[in-house]
Amino acid sequence: VILSQKWAELYMKKNPTTVIQVTGGGSGVGIAALINGSTDIANASRPIKSSEVQKLKDKYGTQGVEIPCAKDGLSVFLNNNNKVSELTIEQIGDIFSGKITNWKQVGGADAKIQLYGRESSSGTFEFFKDHVVRKDFARNCQTLPGTAAIVNAVKKDKYGIGYGGAAYAEGVKDCKIKKDAKSKGILPSAATIKNKTYPISRYLFMYLREKPTGETKKFIDWILSDEGQNVIVEVGYYPLK
């Protein structure tokens, strides 16, 4: 949503007759709005589901159009005072599924781990569940309505851990991620996402009911241009090229 707002703001400055409204709420909410006709573009941090494509087909006779528009590294956020600074993918999965419950089990203090996550309508929630947790989240994982709220909670909680887009990591530290126990811990950065050494990265997408035309096409063309892609870097995500 930070990136979408920035794109809209800059584009409207350049094109004062164009009005772009940006609303947050999660990938599932955006795609639902695309299906019910209340938005022209749904931005999603996960691929569209086959059930959602079917709904588009039933209602509009189209399969929808998918446009990758940026790349994102998914960060695991730790409090700055936590002495743990790197974890394996498996350890992170075990923490969020409730198998590991105390920081001392991963080399930290003897303290209960406090979990913060996204609501189930979030593409970030789905991506993290499918690619990292690989089972159900622990029941005591506190769900918050956005990555900024997760970062804020971890910032205040010495024993907190959360996840979300790398662009939001302010006042907390990114956990170095290890593919396995023998691997080196890697931080999310433009270089590590580009060369795919950072293990938790994904594309960000725009979905439309059909091929863009008119003002919508001009806006998307601008997003995919060098100027639009430079905005991605400023916000803290990563360009396609």
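How many aromatic pairs does the count come to? In this predicted model, the count comes to 12 aromatic pairs. One of them is formed by Phe 137 and Tyr 163, whose rings are stacked, with centres 6.0 Å apart and planes at 25 degrees to each other. An angle of 25 degrees falls on the stacked side because the cut-off for that label is under 30 degrees. The two partners come from distant parts of the chain, 26 residues apart: Phe 137 belongs to the loop between α5 (123–133) and β5 (142–144), and Tyr 163 to strand β6 (residues 160–165). Both Phe 137 and Tyr 163 are buried. The pair also belongs to a wider group, as Phe 137 and Tyr 163 make up one aromatic cluster with Phe 96, Phe 125 and Phe 128.

Rings turn up as partners for arginines too. Arg 202 places its charged end over the ring of Phe 127, at 5.7 Å from the ring centre. Likewise, the charged end of Arg 209 is found over the ring of Tyr 60, with 5.3 Å to the centre.

Two members of the aromatic cluster, Phe 96 and Phe 128, show up again where helices α4 and α5 meet. The axes of these two helices are 9 Å apart and make an angle of about 120 degrees. At that angle, α4 and α5 are oblique to each other. On the α4 side the contact uses Ile 89, Ile 92, Gly 93, Phe 96 and Ser 97, and on the α5 side Phe 128, His 131, Val 132 and Val 133. Sorted by class, this contact has six nonpolar and three polar residues, with no charged ones.

Helix α4 (residues 89–97) also holds Asp 94. Is this aspartate buried or exposed? Asp 94 counts as buried because its relative accessible area is 10%, and the limit for buried is under 20%. Beyond residues up to four places away in sequence, Asp 94 touches Lys 99, Ile 100 and Lys 135.

Farther along the chain, helix α8 (residues 214–224) and helix α9 (residues 226–235) make another contact, with axes that come within 4 Å and cross at roughly 60 degrees. That crossing makes α8 oblique to α9. From α8, the contact takes in Trp 222, Ile 223 and Leu 224, while α9 supplies Asp 226, Glu 227, Gly 228, Gln 229 and Val 231. By class, the contact of α8 with α9 has four nonpolar, two polar and two charged residues.

Leu 224 leads on to Ile 67: the C-alpha atoms of these two are 9.5 Å apart, although 157 residues separate them in sequence. Ile 67 sits in strand β2 (residues 65–78). With a relative accessibility of 12%, Ile 67 counts as buried. Which residues is Ile 67 in contact with, leaving aside neighbours within four places in sequence? The list has Leu 204, Phe 205, Met 206, Leu 208, Pro 212, Ile 220 and Leu 224.

Phe 205 is also touched by Pro 47, as is Tyr 207, again not counting residues up to four places away in sequence. Pro 47 is part of the loop between β1 (42–44) and α3 (50–60). At 47% relative accessibility, this proline counts as partly exposed. Pro 47 and Pro 68 are separated by 21 residues in sequence and by 9.6 Å in space, C-alpha to C-alpha.

On the surface side of things, Lys 156 of helix α6 (residues 147–156) is exposed, at 68% relative accessible area. The C-alpha atom of Lys 156 is 7.6 Å from that of Asn 79, which is 77 residues away along the chain.

Backbone geometry adds two more spots worth a look. Most residues other than glycine have a negative phi. Arg 134, though not a glycine, has a positive phi of about 60 degrees. This arginine lies in the loop between α5 and β5, the loop that also holds Phe 137. Whereas Phe 137 is buried, Arg 134 is exposed, with a relative accessible area of 60%. Lys 196 is the other case, with a positive phi of about 65 degrees in a residue that is not a glycine. Lys 196 sits in the loop between α7 (190–194) and β9 (201–208). Its relative accessibility of 62% puts Lys 196 in the exposed class.

Technical notes
Residues numbered from 1 in each chain as written. Predicted model: local features only at pLDDT ≥ 70, side-chain atom pairs only at ≥ 80, totals over all residues. Heavy atoms only, no water. Phe/Tyr/Trp six-rings, centres within 6.5 Å; stacked < 30°, edge-to-face > 60°. Buried < 20%, exposed > 50% of the residue type's maximum accessible area, 1.4 Å probe, protein only. Lys NZ or Arg CZ within 6 Å of the ring centre and 35° of its normal. Axes fitted to C-alpha atoms, helices over the stretch in contact; angles between N-to-C directions. Parallel < 35°, antiparallel > 145°, perpendicular 65-115°, else oblique. Contact = heavy atoms within 4.5 Å. Nonpolar A, V, L, I, M, F, W, Y, C, P; charged D, E, K, R; others polar.
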